[in-house]
Amino acid sequence: MGFVRLWQHRTTMGLARAVDHYENFPVASLLCPPQWRGAVVALYRLARWADDVADEGEHSPAQRLALLQRLRAAVQGQAAEPAEDAPWGTRLRDWQAARQRHGLPVQPLLDLLDAFEQDVRWTAQGRRMADEAELLDYCRRSAHPVGRLMLHLAGVHEPQALAESDAICTALQLINCLQDLGVDEARGRRYLPDAWLRRYGLEPQQPLAAHGATALTPVVRLGCARARALLAQGWALPRRVGGRLGWELRLVLQGGLGVLQRVEALGGRVLVQRPRLRGADAPRLLWHAFWHRAPAVRDDPVC
């Protein structure tokens, strides 16, 4: 599960183009400047393919890692096979063309691949996130790259803007981890840090379902509090960037906040009920995007 699952979107809200999977937030939407759409879609298609290698299908962990490492070598220009024989088809060629056209850095894509590889290795080993620091490091590689590449397309390089983008991307990744709690647990993958579970007297070695929804609720709401605070840290970015990208970011923030509110309301029941945005949410999100009021932040979750 990468931030890719948050960033791209076969929207049910009428705000974005159709792509291959349902996601929460828009990719290459009507608000995205047309000159960037090819680059955004190229990155999406390549990252989505890699994310699916890490998560979907019947491959063994060794096969998943081998495919991801072959892609890493190709991204670095070290492929040992002809491009036309590669399993990612034209995706890498389209990304390379977009990279050359816009001067995109390669390291963010390598960071994404590193996060996908970690997903495969840790799932195979039964490893979990020990603490919040490990979770944030994962977000740095699985989420930050997308925001930074979008800012690069916009020609925005100021440190404050990059820090705000990182905060937003980490928040969206945390929201996705909570939203997909049951899906990931079924895959043998968990992003709730062991330290969060122990904070509320839960045993990390047990399946989450063994604790029950009531016991899990304060853990989920702790994650929501962290995500809400990070969204607030990045809330000024749309106005700082301005233009069409600024409006795109407003909608991304409102989409994230909308899912976050539903996760908070469900609490531990999110383990068996995945919240999502629907077409009926579009008018409300557009209204709130227009006013763009920062979310209230609490020092501690209400449990």
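This is a short talk on the helices, aromatic pairs, long-range contacts and one internal cavity of the structure shown above.

Good morning, everyone. Before anything else, please keep in mind that what we are looking at is a predicted model, and that the values I will quote are computed from it.

Let me start with the overall fold. The protein has 14 helices and zero strands, and if you read along from the N terminus you will therefore meet one α element after another, with each helix or strand taken as a DSSP run. Of the 303 residues in the protein, 55% are buried, and the accessible surface comes to about 12,900 Å², with carbon and sulfur atoms accounting for 52% of that area. As for how the chain is brought together, if we take the contacts between residues at least 6 apart in sequence, 67% of these join residues at least 24 apart.

Now to the aromatic side chains. How many aromatic pairs does the count come to? The count comes to four aromatic pairs, and I would like to go through two of them. In one, the ring centres of Tyr138 and Tyr191 are 5.3 Å apart with the planes at 40°, so this pair is classed as tilted. Tyr138 sits in helix H6, residues 132-142, while Tyr191 belongs to the loop between helix H9 (181-186) and helix H10 (194-199), so the pair ties together parts of the chain that are 53 residues apart in sequence. Tyr138 is buried, with a relative accessible area of 0%, and Tyr191, at 4% relative accessibility, counts as buried because the cut-off is under 20%.

In the other pair, Phe290 and Trp291 have ring centres that are 5.3 Å apart and planes at 85°, so this one is edge-to-face. Trp291 is partly exposed, with a relative accessible area of 38%, and together with Trp287 and Phe290 it forms one aromatic cluster.

Just after that cluster comes a residue with a backbone feature to look at. His292 lies in the segment after helix H14, which covers residues 282-291, and His292 has a positive phi of about 55° although it is not a glycine. With a relative accessible area of 2%, His292 is buried.

His292 also appears among the contacts of Trp235, to which I turn next. Trp235 lies in the loop between H11 and helix H12 (237-241), and it is buried, with a relative accessible area of 4%. Leaving aside residues up to four places away in sequence, Trp235 touches Leu253, Gln254, Leu257, His292, Arg293, Ala294 and Pro295. The C-alpha atoms of Trp235 and Ile168, which are 67 residues apart along the chain, are separated by 7.8 Å.

A second buried residue is Cys224, with a relative accessible area of 0%, and its place is in helix H11, residues 213-233. Which residues does Cys224 touch, not counting those up to four places away in sequence? They are Leu178, Leu260, Val263 and Glu264, and for Glu264, which is 40 residues away along the chain, the C-alpha separation from Cys224 is 6.5 Å.

Two partly exposed residues also take part in C-alpha pairs of this kind. Gly38, found in helix H2 (residues 34-55), counts as partly exposed at 46% relative accessibility, and Gly38 and Ala98 are 60 residues apart in sequence but 7.1 Å apart in space, C-alpha to C-alpha. Arg274, in the loop between helix H13 (243-266) and H14, is partly exposed at 32% relative accessibility, and Arg274 and Gly182 are 92 residues apart in sequence and 7.7 Å apart in space, again C-alpha to C-alpha.

Finally, the internal space. Rolling a probe the size of a water molecule over the atoms shows where empty space is left. The count here comes to six cavities of 30 Å³ or more, and the second largest cavity has a volume of about 60 Å³. Its lining consists of Gln118, Asp119, Trp122, Thr123, Arg127, Met129, Gly188, Arg189, Arg190 and Tyr191, and these residues divide into three nonpolar, three polar and four charged. Tyr191 thus brings us back to an earlier point, since this lining residue is also the partner of Tyr138 in the tilted pair.

That is where I will stop, and I am happy to take questions.

Notes
Residues are numbered from 1 along each chain as its sequence is written. This is a predicted model: local features need pLDDT of at least 70, side-chain atom pairs count only at pLDDT 80 or more; totals for chains, interfaces and linings use all residues. Side-chain values use heavy atoms; hydrogens and water are left out. On a 1 Å grid over the protein atoms alone, a cavity is a set of points where a 1.4 Å probe fits but cannot get out, and a pocket is an open set with protein on both sides within 12 Å along at least five of seven lines; lining residues have an atom within 4 Å of a point. Grid points are joined across faces, edges and corners, and a volume is the space filled by probe spheres set on the points. Ala, Val, Leu, Ile, Met, Phe, Trp, Tyr, Cys and Pro count as nonpolar, Asp, Glu, Lys and Arg as charged, and the others, Gly among them, as polar. Helices (H or I, at least four residues) and strands (E, at least two) are DSSP runs, numbered from the N terminus. Buried means under 20% relative accessible area, exposed over 50%, partly exposed in between (1.4 Å probe, protein chains only). Contact means heavy atoms within 4.5 Å. Accessible areas come from the Shrake-Rupley method with a 1.4 Å probe; for residues, only the protein chains shown count as cover. Rings of Phe, Tyr and Trp (its six-membered ring) pair if their centres lie within 6.5 Å; planes under 30 degrees apart count as stacked, over 60 as edge-to-face and the rest as tilted.
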